[in-house]
Every structure is written in C-alpha cells, then in structure tokens.
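Please read the notes below with the coordinates open beside you. They are set out as numbered points for discussion, starting with strand pairing and moving on from there.

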Amino acid sequence: MGLTSQSTGLALWENDLNIEKLTPGDKVIALSGNPNVGKSTVFNSLTGLNQHTGNWPGKTVTNAQGRYRHNDVNFIMVDIPGTYSLMANSVEEEVARDFVCFGNPDAVVVVTDATCLERNLNLVLQTLEITARVVVCVNLIDEAKRKKIKIHCDTLAKRLGVPVIPTNARSKKGLEKLMDAVYDTAYKRINVNPIKITYDETIEQAIRRVQDKIRNRVDGKINDRWVALKLLDGDETILESINKYLGINLFDDCGLLELLDQTRNALSDNHNGHGQLRDMIVSHLIRIAEELGREAVTFEDKQYNHIDRKIDRILTSRIFGLPIMLSLLAFIFWLTIAGANVPSEYLADFLFGIETKLTDLFTSLMAPEWLHGVLVLGIYRTIAWVVSVMLPPMAIFFPLFTLLEDLGYLPRVAFNLDHYFKRACAHGKQALTMCMGCLILHDIREVPPALA
Amino acid sequence: MMNDKIVPLNFVPIGKTAKVKSLISDGILRRRMLDLGLISDTVIEAVQKSPSGDPIAYWIRGAVIALRSEEANKILVEVN
C-alpha cells in the first residue's frame with residue numbers, strides 16, 4: 001500500500017478536532033445554531049477581538065475560534081457552521097455534527113431565533129440527542145418582543161431539561177446570564193435532565209438491540225443510543241467519523257453490521273420501506289418541536305407581521321420590485337463613488353503632504369538617494385495612493401451594505417433575482433457577490449443541492 | 001377522500017393556506033424539506049410571488065421561505 005497518511009499516522013494529526021488550550025483548565029464551548037439567528041453577533045460580543053480563523057481539518061469550511069474569560073476561567077468558543085440539522089446532509093452539517101460528537105466540547109450553546117423558535121428547536125432536540133451539556137440561547141428577544149411574541153423561557157427550560165437563556169446579543173443583553181449558564185454547565189454544577197425523545201415502540205426496540213452491540217465497542221466515548229439511531233436511519237458517515245476520530249473501526253464488526261442489516265430490514269417491513277422510517281424519525285422531532293413551541297411561545301398579536309408583509313409585497317412586487325431594487329443599488333453606488341471623492345482628495349493631500357515632509361527629512365539627514373527612492377517614493381507613495389483611493393469608498397460602501405443586510409433587504413434581492421440567475425445556471429444569492437464586485441469561487445461550489 | 005383537492009404546492013393561490021400531504025422527492029432534497037418542517041399536516045400559506053413569478057415565498061412554521069417551482073411541485077398539498 002505504500003506510505004499513505006493513514007499508515008504513517010498523519011491522518012490522526014490531520015483529523016484532530018482537539019482545540020488548543022492555553023491552560024489545561026480551559027473550557028471548550030461549541031457555538032451552534034441555525035443560519036441567520038445572530039450566532040456571529042453572540043460570538044463577537046463574547047470574544048471581542050480575541051479571535052482567529054482557520055479551516056476544519058480537511059474541509060474548506062471556516063472555523064472561527066475566540067476566547068473569553070468568565071469567573072476566572074478561560075473559555076474557548078468554537079463557532080461551528082450554522083445548520084438546520086445535524087443529519088450530515090452537507091459538509092457544514094457533517095462538520096457541525098462531528099465537532100459536537102468528537103470535539104469534546106464542555107458545553108454546546110445552541111443559538112436560536114426568538115422570532116421563529118419552534119423551527120429552531122429541531123436543531124436543539126437533535127443536539128440534545130447527542131449530549132446533555134447544552135445551553136439554549138434564545139437570541140433576538142427584542143425583535144420577538146417587537147413582533148409581540150412572548151417566549152416562556154422557564155417553561156422551555158423545564159421541558160428541555162437544560163438552561164434556556166434569553167439574549168439580545170447586539171445590545172449585550174443576557175450575555176452575562178448566558179456565560180453563567182455555560183460556566184455551570186461546563187463544570188456540571190447544575191442538574192440537567194434532558195428531554196427524553198422516545199420513538200415508536202418498534203423503533204425503540206431496534207435502537208436497544210443495536211445500542212447494546214455498539215456500547216461494547218465505543219466504551220462510553222460517544223452516546224451509543226444516538227449512534228444506533230443514526231445507523232438505523234442509514235447514516236453511514238457516522239461509522240467513518242467514529243473510525244476517524246475515535247479510532248474504532250466498526251466497519252469490520254461483522255456481528256454488528258449483520259444485526260444492523262437484519263434490524264433495518266425488519267423495521268423497513270414494519271414501516272412501509274426505509275424511506276418511511278427516515279421520515280418518521282425526522283417528523284417525530286419536528287412534532288416535539290411543535291408541541292414545545294405551543295407550550296413555550298405565545299403570539300400576543302397574531303397580525304404582528306402584517307406591516308412587514310405589506311412592505312415585502314411592495315419590495316418584491318412584479319411592478320415595483322425590480323425598479324426599487326435597481327434604484328436602491330444605483331443610489332448606493334452613486335453615494336459610494338460621489339461620496340468618496342471628497343475624503344479621497346483630503347486623504348491624498350494629507351498623505352502626500354507627509355511625503356514632502358519625509359523627503360525634506362531624508363535630505364536633511366543626507367540619506368542616500370536610493371534609500372529615499374525605495375522608502376519614500378516607492379513604499380510610502382504606493383501605500384498613500386492605495387489608502388487614499390480605496391479607503392473612502394470602502395468606508396462608505398461596507399456600512400451601507402451592512403445596513404441593507406440588517407434591514408433584511410438582501411434576501412429580497414436574492415428572491416427578486418433568483419429566476420434570472422437560474423437561467424445563467426447560478427442562483428439568486430450570487431447577485432449579492434456580484435453587487436460586491438467580486439465573484440468568490442467558493443460560492444459557486446456552494447449551490448445547495450436543493451436549489452441547484 | 002377529496003383527492004381532487006390534492007395539488008402541488010406551486011398551484012396554491014397566493015393568500016391561501018394548504019396542508020402538506022406528501023413529499024414526492026427523495027434523497028437529500030427530501031431531507032432538506034423535512035428539515036424545513038414540511039412533514040405531513042404542516043400548514044403552509046402562499047405569501048408572495050417574486051417579480052418573475054418564480055420562486056414563490058411561503059409561510060412555513062413561523063418563517064417565510066422561498067421555494068422554486070421545481071421544488072414546490074414535489075410537495076403535494078391539500079388546499080384548505
């Protein structure tokens with residue numbers, strides 16, 4: 001076979017999900033959540049400037065890590081990709097799942113969106129099936145209040161059996177409590193009693209049979225009930241991951257594979273084929289989420305979204321949608337270009353004024369001409385040009401774009417343009433990258449299967 | 001019973017609600033739809049068409065989600 005990374009032990013190093021700690025007492029916290037729930041705001045608010053980014057081992061998915069200190073303990077927060085589920089349907093989901101399962105986090109914070117909590121509970125429940133050390137962060141609580149949605153966090157905490165903390169990360173509201181809950185969870189100072197998710201009795205029996213077999217092999221390093229469920233669900237990637245991160249090869253366990261095959265076939269017969277079985281497992285979690293939503297969320301004003309919808313109707317209407325969008329984007333470009341001229345000129349005047357002074361300084365020090373050429377006419381002048389030309393437009397364009405993003409206009413742009421971009425074999429989301437003047441290759445590959 | 005009322009989701013008129021009856025996709029697309037909460041008996045409202053008529057935005061479990069017709073026609077619903 002020759003020297004492969006597998007045989008030289010390099011694989012072990014490449015696949016290492018362990019997070020580097022400054023001191024052995026540091027606690028590792030995984031930050032997960034659905035996309036667009038303000039996960040990065042929570043991350044930034046907690047860790048400030050103590051961040052660095054990299055890639056997940058072997059994957060081109062960004063991995064951001066940051067540190068914060070609370071109650072004299074260092075916490076390392078790992079921002080795992082935002083996903084709707086942990087079913088390993090995509091690279092992001094696989095990375096998220098693998099870190100929760102094999103990264104040994106001391107706690108997992110699941111950030112949820114208070115304005116559509118029920119939908120987010122699916123991920124919370126899936127996480128709770130893997131580990132009990134979960135803190136649920138109900139973010140955007142102020143936005144929910146504005147929309148007259150009341151979240152009963154105590155009820156939810158009681159039902160889920162883990163801490164549920166309301167936050168508004170942008171205004172730093174609730175973050176202190178969140179850090180307390182994370183601290184308590186990481187140090188096991190609170191009793192957690194995670195909600196038991198019980199499936200149909202035939203599925204439960206099957207889980208028990210497979211689980212017993214797995215327990216002997218994995219030795220408590222991973223939740224065996226969950227692995228059994230995944231295997232019955234037909235998710236083979238979990239076997240690879242167990243092999244990769246725990247070094248336990250279950251592929252050659254003929255007894256287990258045979259039992260699995262048998263049990264799955266029996267189950268399929270019971271549930272009109274394997275597809276039905278999968279649906280049942282997923283549907284079950286969604287129904288529990290629905291039930292929890294009914295108990296823990298009150299819509300005080302059922303018409304709350306009427307104004308939002310009216311605005312939406314105009315912004316994406318057949319007649320006004322495109323004109324409004326084009327004029328808005330044109331206005332932003334005009335503002336960027338016209339607005340940048342004045343500060344650009346000031347900056348250029350200022351920086352080139354310094355250049356004259358520098359030249360004077362070099363002459364008075366009788367520095368050699370080549371040194372003056374390299375440092376002042378070369379390096380300094382180039383930097384001065386770049387800064388005076390680039391900085392003002394960026395300082396105008398990016399805040400404006402962020403504003404559009406915060407207002408939620410960008411998804412509407414994608415919605416308006418999707419059809420036209422689809423004809424070019426791209427999709428609406430790419431309109432935004434084009435607006436920003438560059439097409440990032442990663443985005444092209446990222447076309448989700450559902451939209452491709 | 002009233003089988004004639006079962007139509008693909010993209011045939012639901014704007015402003016009307018419908019109940020999910022079955023998904024006729026499989027593999028990852030089916031998974032994604034289930035993750036969106038599109039299990040049987042889920043109530044969906046057709047909210048808004050995009051300027052070109054496709055995609056269409058739907059109200060699904062507390063969020064507005066845009067689906068292209070090629071995705072929506074794989075979701076069979078019963079119009080209320």
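1. In this predicted model, B:Lys19 has its bridge partner in β6(B), namely B:Glu78. That pair belongs to a longer register, since β2(B) and strand β6 of chain B, residues 75-79, pair in the antiparallel sense over five bridges. Strand β2 of chain B, residues 17-23, is also joined by three bridges to strand β3, residues 43-49, and these two strands likewise run antiparallel. Within that second pairing, B:Ala18 stands opposite B:Ile44 of β3(B).

2. A backbone detail of chain B deserves a look: the peptide bond that leads from B:Asp54 to B:Pro55 is cis, with omega near 5°. B:Pro55 sits in the loop that connects β3 with β4, residues 56-60, of chain B. As background, most peptide bonds are trans, and most residues other than glycine have a negative phi.

3. Two residues of chain A should be checked for the second of those backbone points. A:Leu140, although it is not a glycine, has a positive phi of about 60°, and it lies in the loop between β6 (134-139) and α6 (141-146) of chain A. A:Asp219 also has a positive phi of about 60° without being a glycine, and its place is the loop between α9 (201-218) and α10 (224-232) of chain A.

4. Which of the two classes, buried or exposed, applies to A:Leu140? Because 26 other C-beta atoms lie within 10 Å of its own, and 20 or more are needed, A:Leu140 counts as buried. A:Asp219, by contrast, has 11 C-beta neighbours inside 10 Å, and since 12 or fewer is the limit for that class, it counts as exposed.

5. Helix α16 of chain A, residues 369-406, can be tested against the expected helical rise. At 1.5 Å a residue its 38 residues should span 56 Å, and the end C-alpha atoms are 52 Å apart, which agrees. The helix nevertheless carries a kink of about 30°, centred on A:Arg381. Just after α16(A), A:Gly408 takes a positive phi of about 80°.

6. The buried residues of α16(A) are A:Val376, A:Ser388, A:Pro392 and A:Phe397, and they pack against α15 of chain A. On helices in general, there are 3.6 residues a turn, so residues three or four places apart point the same way.

7. For chain A as a whole, the model contains 19 helices and nine strands. Of its 452 residues, 33% are buried. Among the contacts in chain A with a separation of 6 or more, 67% are between residues 24 or more positions apart.

8. Turning to the interface, 28 residues of chain A are in contact with 23 residues of chain B. The elements that give two or more residues to the chain A side are α5 (117-130), α13 (274-296), α14 (306-315), α15 (321-364) and α17 (409-423), and the largest share, five residues, comes from α13(A). By class, this side of chain A has 10 nonpolar, 10 polar and eight charged residues.

9. On confidence, the model scores ipTM 0.87 and pTM 0.80. The mean pLDDT of chain B is 87, with 95% of its residues at 70 or more. As a general caution, the predicted coordinates should not be read in detail where pLDDT is low.

How values were computed: Residues are numbered from 1 along each chain as its sequence is written. Chains are lettered from A and ligands numbered from 1 in the order in which they are written. This is a predicted model: local features need pLDDT of at least 70, side-chain atom pairs count only at pLDDT 80 or more; totals for chains, interfaces and linings use all residues. Two residues are in contact if their C-beta atoms, placed from the backbone, lie within 7 Å. Helices (H or I, at least four residues) and strands (E, at least two) are DSSP runs, numbered from the N terminus. Ala, Val, Leu, Ile, Met, Phe, Trp, Tyr, Cys and Pro count as nonpolar, Asp, Glu, Lys and Arg as charged, and the others, Gly among them, as polar. The expected span of a helix is 1.5 Å times one less than its number of residues. The bend at a residue is the angle between axes fitted to the seven residues ending there and the seven starting there. pLDDT is the predictor's confidence in each residue, from 0 to 100. Two strands pair if DSSP finds at least two bridges between them.
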